[in-house]
Amino acid sequence: MKKKNLYFFTLIMVVLVCFNSCYKASVETGKNSLPEGFVYIGDILPDVIFEIRYFSTYNFVGERVEGYILPVAIISLEAANALKQANVELREAGYAIKVFDAFRPQRAVNHFVRWAEAEYDVKTQAYFYPDIDKKSLIPDGYIAERSGHSRGSTVDLTIIDMMTGKELDMGSPFDFFGLESHHDTDLITDEQAQNRLILKNAMVNAGFRPYAEEWWHYTLENEPFPDTYFDFPVK
């Protein structure tokens, strides 16, 4: 069991190193190809850390998600400027932002739905939804046919303690399907709840609203494209 855990940890670290080392080059490759009103988060916030999960196999689908051509994070200009404000507050308190996802093309959301309907594919269940029957993911609202991410002003993120270089313990992993991920859960410790509050306060102060079921998910209050679901690739 220990060898298995060590292998899994090593694999994750290799993926993270790859993401961070190739991020700058990837952004340069894709520059000037975005629709008007969108920017790369890395251009606006060069000190943000990225782990674009859907570009990798380390996500609940278990494979690279359709539409993620490069490991970059795209967002509306308005949301990027608001995130920059949150980043200033967090930096002053000794924390760094780590982004898991931002703009998500509709084709990626469609991929999620197809995966959820394939009840036989449960290879990621032990880590991402251990207490939920996969066939209930769509009826219970964990997977939907539309996502606020596709409107371009939503970001999934956490924070890192700059003294230790470690993510703060939020009580559940990113993209964990379960009550532990809810903001109002009583299944986490006081310290974990306080860690979530550090992120929440900074994001709300910057003009984002939280999503009750996911501690990592924030959408700009005054998003510029509230009724448009985009489908351009992440590249």
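**View 1. Buried residues of helix H3 in the predicted model.** Ala79, Ala80, Ala82, Leu83, Ala86, Asn87 and Leu90 are the buried residues shown in H3. Seen down the helix axis, the buried residues of H3 fall within an arc of 160°, so they line one face of the helix. H3 covers residues 77–92, and at 1.5 Å a residue its 16 residues should span 22 Å. The C-alpha atoms at the two ends of H3 are 23 Å apart, which agrees with that expectation. Just after the helix comes Gly94, whose phi is positive, at about 95°.

**View 2. Packing of H3 against H6.** Two packed helices are described by the angle between their axes and the distance between those axes. For H3 and H6 the angle is about 135° and the axes are 8 Å apart. The two helices are therefore oblique to each other, since an angle of this kind falls outside the ranges counted as roughly parallel (under 35 degrees), roughly antiparallel (over 145) and roughly perpendicular (65 to 115). H3 passes H6 in a right-handed crossing. On the H3 side, the residues that meet H6 are Leu83, Gln85, Ala86, Glu89 and Leu90. On the H6 side, the partners are Ile198, Asn201, Ala202, Met203 and Asn205. Leu83, Ala86 and Leu90 of H3 are also among the buried residues of View 1.

**View 3. Surroundings of Thr158 in strand E5.** Thr158 lies in E5, which runs over residues 154–161. Thr158 is buried, with a relative accessible area of 0%; the cut-off for buried is under 20%. Leaving aside neighbours within four places in sequence, Thr158 is in contact with Ala96, Ile97, Lys98 and Phe100, and also with Glu167, Met170, Leu199 and Trp215.

**View 4. Asp175 in the loop between E6 and H6.** The loop that holds Asp175 connects strand E6 (166–167) with helix H6 (190–205). Phi of Asp175 is near 65°, a positive value in a residue other than glycine. Asp175 is buried, with a relative accessible area of 5%.

**View 5. The whole chain, for orientation.** The chain has six helices and eight strands. Along the sequence these follow the pattern α-β-α-β-β-α-β-α-α-β-β-α-β-β. Of the 235 residues in the chain, 50% are buried. Among contacts with a separation of 6 or more, 75% are between residues 24 or more positions apart.

Technical notes:
Residues are numbered from 1 along each chain as its sequence is written. This is a predicted model: local features need pLDDT of at least 70, side-chain atom pairs count only at pLDDT 80 or more; totals for chains, interfaces and linings use all residues. Side-chain values use heavy atoms; hydrogens and water are left out. Helices (H or I, at least four residues) and strands (E, at least two) are DSSP runs, numbered from the N terminus. The expected span of a helix is 1.5 Å times one less than its number of residues. Buried means under 20% relative accessible area, exposed over 50%, partly exposed in between (1.4 Å probe, protein chains only). The arc is that of the directions from the helix axis to the C-beta atoms. Contact means heavy atoms within 4.5 Å. Axes are lines fitted to C-alpha atoms, for helices over the stretch in contact, and angles run from 0 to 180 degrees between N-to-C directions. A crossing is left-handed if the near helix is turned anticlockwise from the far one by less than a right angle, and right-handed if clockwise.
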